[in-house]
Amino acid sequence: TQSNEADALPRPVAVHRIDVPTKGLVLLAKTKSALIKMSKAFEHNQVQKTYMAVVHGKMNDRGRIEAPIQAKRAITDFQTLKVARSQVFQHLSLVKLQPITGRTHQLRIHLNDLGNLIVGDKEYARRQKTILGKGLFLCACQLSFTHPITKEILDIKIDPPARFGKLLQREEERFKGRKKGRH
């Protein structure tokens, strides 16, 4: 619905962007003043973003990746939530990611540079085998910020797509099935 404010935009406008193959939350502004204030909040890292991803390999329990991207400072915090054994990929991990900076493809580049390609990331896979045709297993699941008008602290969350958990469960079951068949 359109805002009743004097500076109402003709339609809601995205305040920030996420990569095209990434799923999840995007913040929309209904007024010009909200758009300006929220754009500045993103620019000054006053909006906390949390992503979930399924990646190849077994990552540390938690950590910080500090590796420049295109000669610019880039920082990502991560926490491993679950690791599944995989017949084809050895391990797949469900990770929670918090970009501290906001570089283009930051999460995808940081994880790939660690050797933990995001499942389905055909752009960065190069020769590495991944699951294609199911999309990129990366989702913007949480935005925390101060509302630009009411000053209320908002924490908006969604669950990652069900396919994230289904993939981990399927891979673990296939791994266990293969192991049983060998004995």
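**Figure 1. The mean positions of the 34 positive and 16 negative charges of the protein are 6 Å apart.** For this tally, Lys and Arg are the positives and Asp and Glu the negatives, with His and the chain ends not counted; each charge is placed at NZ of Lys, CZ of Arg, CG of Asp or CD of Glu. What you're looking at is a predicted model, where local features need pLDDT of at least 70 and side-chain atom pairs count only at pLDDT 80 or more, while totals for chains, interfaces and linings use all residues. Residues are numbered from 1 along each chain as its sequence is written, and side-chain values use heavy atoms, leaving out hydrogens and water. Along the principal axes, the C-alpha atoms fit a box of roughly 70 × 35 × 25 Å. The accessible surface is about 11100 Å², and carbon and sulfur atoms own 49% of that (Shrake-Rupley method, 1.4 Å probe; for residues, only the protein chains shown count as cover).

**Figure 2. Four helices and nine strands make up the secondary structure.** Helices here are DSSP runs of H or I with at least four residues, strands are runs of E with at least two, and both are numbered from the N terminus. Reading from the N terminus, the order is β-β-β-α-β-β-β-β-α-α-β-β-α. Of the 183 residues, 44% count as buried, which is to say under 20% relative accessible area; exposed is over 50%, and partly exposed is in between (1.4 Å probe, protein chains only). As for contacts (heavy atoms within 4.5 Å), take those with a separation of 6 or more: 57% of them join residues 24 or more positions apart.

**Figure 3. Helix α1, residues 32-43, puts its buried residues on one face.** Its 12 residues reach 16 Å from first C-alpha to last, close to the 16 Å expected at 1.5 Å a residue (the expected span being 1.5 Å times one less than the number of residues). Ala34, Leu35, Met38, Ala41 and Phe42 are the buried ones. Looking down the axis of α1, they fall within an arc of 130°, so they line one face of the helix; the arc is that of the directions from the helix axis to the C-beta atoms. Their cover includes β1 (8-14), β3 (28-31), β4 (48-56) and β8 (138-146). Flip to the other side of α1 and you'll find Lys32 and Glu43 exposed.

**Figure 4. Helix α2, residues 106-114, is mostly covered.** Seven of its nine residues are buried, namely Gln106, Leu107, Arg108, Ile109, His110, Leu111 and Asn112. What packs over them includes β4, β5 (62-66), β6 (75-86), β7, α3 (122-125) and β8. Right after α2 comes Gly115, with a positive phi near 90°.

**Figure 5. Two loop residues, Asn45 and Gln70, have positive phi without being glycine.** Asn45 follows α1 and belongs to the loop between α1 and β4. Its phi is about 55°, and at 42% relative accessible area Asn45 is partly exposed. Gln70 lives in the loop between β5 and β6. The phi of Gln70 is near 50°, and with 75% relative accessibility this glutamine counts as exposed.

**Figure 6. Lys96 sits in strand β7, residues 90-99.** With a relative accessible area of 28%, Lys96 is partly exposed. Skip the neighbours within four places in sequence, and Lys96 is in contact with Thr50, Tyr51, Met52, Asp77, Phe78, Gln79 and Leu81. Cys139 is 43 residues away from Lys96 in sequence, with 9.8 Å between their C-alpha atoms.

**Figure 7. Gln87 is a residue of the loop between β6 and β7.** At 38% relative accessibility, Gln87 is partly exposed. Pair this glutamine with Phe137, 50 residues apart along the chain, and the C-alpha atoms turn out to be separated by 19 Å.

**Figure 8. Glu172 is a buried residue of helix α4, residues 162-182.** The relative accessible area of Glu172 is 17%. Not counting residues up to four places away in sequence, Glu172 touches Val83, Ala84 and Arg85.
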